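Reader: I am new to reading structures, and I would like to learn how the words used for them are justified. Could you take me through this one slowly?

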Amino acid sequence: MQFQDKPASEPHSPFIAPGHTFGSVTEKIGAIVLQRPTGWGWLGGFAAAFTLVLLLLFAVAYLFVRGVGIWGVNVPVAWGFAIVNFVWWIGIGHAGTLISAILLLLHQEWRTSINRFAEAMTLFAVACAGLFPILHLGRPWLFYWLFPYPNTMGLQPQFRSPLVWDVFAVSTYMTISFLFWFVGLIPDLATLRDRSQSRAGRIIYGMLAMGWRGSARHWQRYETAYLLLAGLATPLVVSVHTVVSLDFAVALLPGWHTTIFPPYFVAGAIYSGFAMVLTLAIPLRAAYGLHDFITERHLQNMAKVMLATGLIVAYGYMMEGFMSWYSGNRFEMYTSVNRLTGPYAPAYWALMLCNVIVPQALWSARIRSHTVALFIIALIVNTGMWLERFVIVITSLHRDFLPSSWGNYLPTPWDWATFVGTIGLFLALMFLFIRLLPMISIFEMRTLLPAAEVKGGREG
Amino acid sequence: MEKQSPQAADASSLAPHPSSLTPPLYGLLAEFDNPSDLVAAARRAHAAGYRKMDAYTPFPVEELNDALGLGQTWMAPLVLLGGILGAALGYSLQYYVSVIDYPLNIGGRPLHSWPAFIPVTFELTILSAGLFAVLGMLALNGLPMPHHPLFNAPRFALATRDRFFLCIEAADPRFSRDDTWRFLDRMGPRSVTEVEM
């Protein structure tokens with residue numbers, strides 16, 4: 001958006017390949033939606049993802065019939081996969097907001113070619129995340145009891161509980177992410193309306209564009225609104241994962257009751273989110289020939305953000321261990337030892353490998369510029385962040401204060417079906433998004449072109 | 001969209017008539033190749049005393065705010081108002097629920113436990129300010145607006161692609177079909193067209 005600042009700092013490696021014009025940028029991104037035929041690759045990918053959506057529907061239907069007993073949860077581990085997956089998905093969403101809001105405020109123009117699909121990723125990840133706490137409720141159809149409303153039972157929610165804060169944080173996050181994404185889309189929807197060859201396309205994109213005509217007066221308010229939304233989304237994204245971490249930290253359980261949780265959760269969220277953006281961007285770039293717009297430099301920058309946040313997360317692991325020893329509390333110390341050597345030790349060591357050791361390869365510029373290596377590291381980090389949530393949720397719960405209440409947790413096939421099903425839901429929504437909407441913000445890409453600069457002094 | 005074709009047919013049948021009989025004019029639309037020419041044209045039109053005009057561009061051109069003499073928008077105060085309303089409503093909701101409607105005495109702890117009310121107050125502040133920003137922007141821009149006279153101009157579709165338009169509206173007191181046409185034509189646009197109501 002800050003196109004007028006661009007020429008001041010001419011980048012050594014451009015964010016957009018040379019030789020593009022306003023028209024060519026429009027055509028290239030618009031054609032993916034409007035002209036490009038639906039290929040077998042897209043159909044195959046969508047079919048595979050949709051099969052997993054059917055699996056999710058099946059697992060959820062069975063859950064509704066039989067109840068949460070089909071999952072592996074029981075006392076003492078009452079928070080199984082549902083909470084692990086909830087935290088994992090919502091963390092993934094955070095990179096989208098970071099890219100679109102925080103990097104916008106910091107004038108990081110390289111965000112322009114990745115913000116649109118990173119925002120879509122946020123939206124779909126939050127949708128997947130939101131399913132889990134609701135399914136975990138036992139009687140999911142009564143989820144609206146979470147909100148304060150006048151009811152015949154005379155009950156009200158407990159506003160001193162982080163679980164109620166979570167309801168407000170996640171629903172606000174979902175709403176604001178949607179608004180941010182949709183507002184960003186309006187000018188591009190108008191482009192699609194004006195470029196579409198089919199009547200259906202003109203009508204549908206036309207309705208969604210709401211009559212946008214690019215008026216200078218409209219742009220002025222639009223820009224202010226967009227900037228203010230970015231300013232609002234920035235503290236919001238930090239607050240959401242903070243509240244999620246307080247679900248744990250406010251509890252008195254060893255391994256959860258620690259003040260490092262909010263910053264360490266926020267860093268972990270950004271870490272996993274950037275890993276997911278890379279996981280999506282690298283194949284998309286290859287499949288749709290977007291090398292002109294998602295350049296080497298974008299991948300390099302994202303790898304660097306991943307490395308930096310990965311180091312913060314590693315510091316968090318270190319502090320967890322240190323504080324449990326330093327507290328002198330035997331339950332805290334036992335939790336740490338149990339993580340390292342107990343029944344879930346393999347998950348802990350796999351987590352260390354995935355999240356702390358492997359990402360150190362990103363120090364090397366050669367690996368950062370090797371797309372296949374970067375893709376594999378991103379997948380490993382995604383796995384590692386899932387393991388992190390698994391270790392946090394399960395190891396603290398399965399050893400209660402009294403050995404007589406100890407237990408173990410083993411996910412059932414229904415747990416796996418629900419988890420894999422949401423991955424399918426996420427991918428299916430992503431497939432639909434790249435087919436039906438411009439995955440790169442066309443109007444913001446135009447502002448990056450040299451011709452967008454207004455020449456001639458202030459007085460004409 | 002549907003309206004366009006009969007109107008275009010109307011226009012061609014009316015075109016040879018003398019100017020007093022042609023359909024009412026919305027304005028004259030000049031098309032430029034790049035934002036620099038458009039900003040220069042907008043400055044000259046503003047200097048020539050035209051006020052009822054607007055520019056149409058495929059991306060935001062901040063220089064136009066100054067060139068067209070646009071003032072401050074109401075967006076910032078509106079969003080501030082949204083935030084304050086959200087905060088007040090959010091906090092009073094929690095106060096009402098926790099102190100008045102459903103008080104829970106837990107070991108004699110205060111009912112009005114304000115630090116615990118901050119997270120939800122914060123979230124509702126952001127939610128309300130964000131809704132005010134988006135809905136306020138749409139409302140002040142008069143959107144959604146399914147049809148606008150400018151969509152009658154066939155070349156106007158390029159305003160969302162790679163062309164830059166300046167429209168001087170017939171409602172401007174200085175507007176005259178011939179003089180304004182000549183004025184726009186002198187600035188070297190790609191084309192000047194009449195936009196019908």
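**Helices, a core and a contact**

Author: At 1.5 Å a residue, the 34 residues of helix α5 (residues 162-195) of chain A should span 50 Å, and its end C-alpha atoms are 48 Å apart, which agrees; the expected span is 1.5 Å times one less than the number of residues. This is a predicted model, in which local features need pLDDT of at least 70 and side-chain atom pairs count only at pLDDT 80 or more, whereas totals for chains, interfaces and linings use all residues. Residues are numbered from 1 along each chain as its sequence is written, while chains are lettered from A and ligands numbered from 1 in the order in which they are written.

Reader: What makes a stretch a helix, and where does α5(A) bend?

Author: Helices are DSSP runs of H or I with at least four residues, and strands are runs of E with at least two, numbered from the N terminus. The bend of α5(A), about 40°, is at A:I186, and a proline, A:P187, follows within four residues; a bend is the angle between axes fitted to the seven residues ending at a residue and the seven starting there.

Reader: Why is α5(A) called largely enclosed?

Author: A residue is buried if 20 or more other C-beta atoms, placed from the backbone, lie within 10 Å of its own, exposed if 12 or fewer do, and partly exposed in between. Because 25 of the 34 residues of α5(A) are buried, this helix is largely enclosed by the rest of the structure.

Reader: Which residues of α2(A) are buried, and what covers them?

Author: In α2(A), the residues A:L56, A:A59 and A:L63 are buried, and the cover over its buried residues includes α4 (112-135) and α14 (413-436) of chain A.

Reader: What makes a set of residues a nonpolar core, and where does the largest one lie?

Author: A nonpolar core is a set of buried Ala, Val, Leu, Ile, Met, Phe, Trp, Tyr and Cys residues joined through C-beta atoms within 7 Å. The largest has 185 residues, and those with the most contacts inside it include A:F274 and B:L166. Helix α7 (residues 216-249) of chain A gives the most to this core, 17 residues. Domain 1 (4-71 + 148-196) and domain 2 (75-140) of chain B, with bounds from an automatic or database domain assignment, both give residues to this core, so it lies between them.

Reader: How many residues does each chain give to the contact?

Author: Chain A gives 55 residues and chain B gives 60, where two residues are in contact if their C-beta atoms, placed from the backbone, lie within 7 Å.
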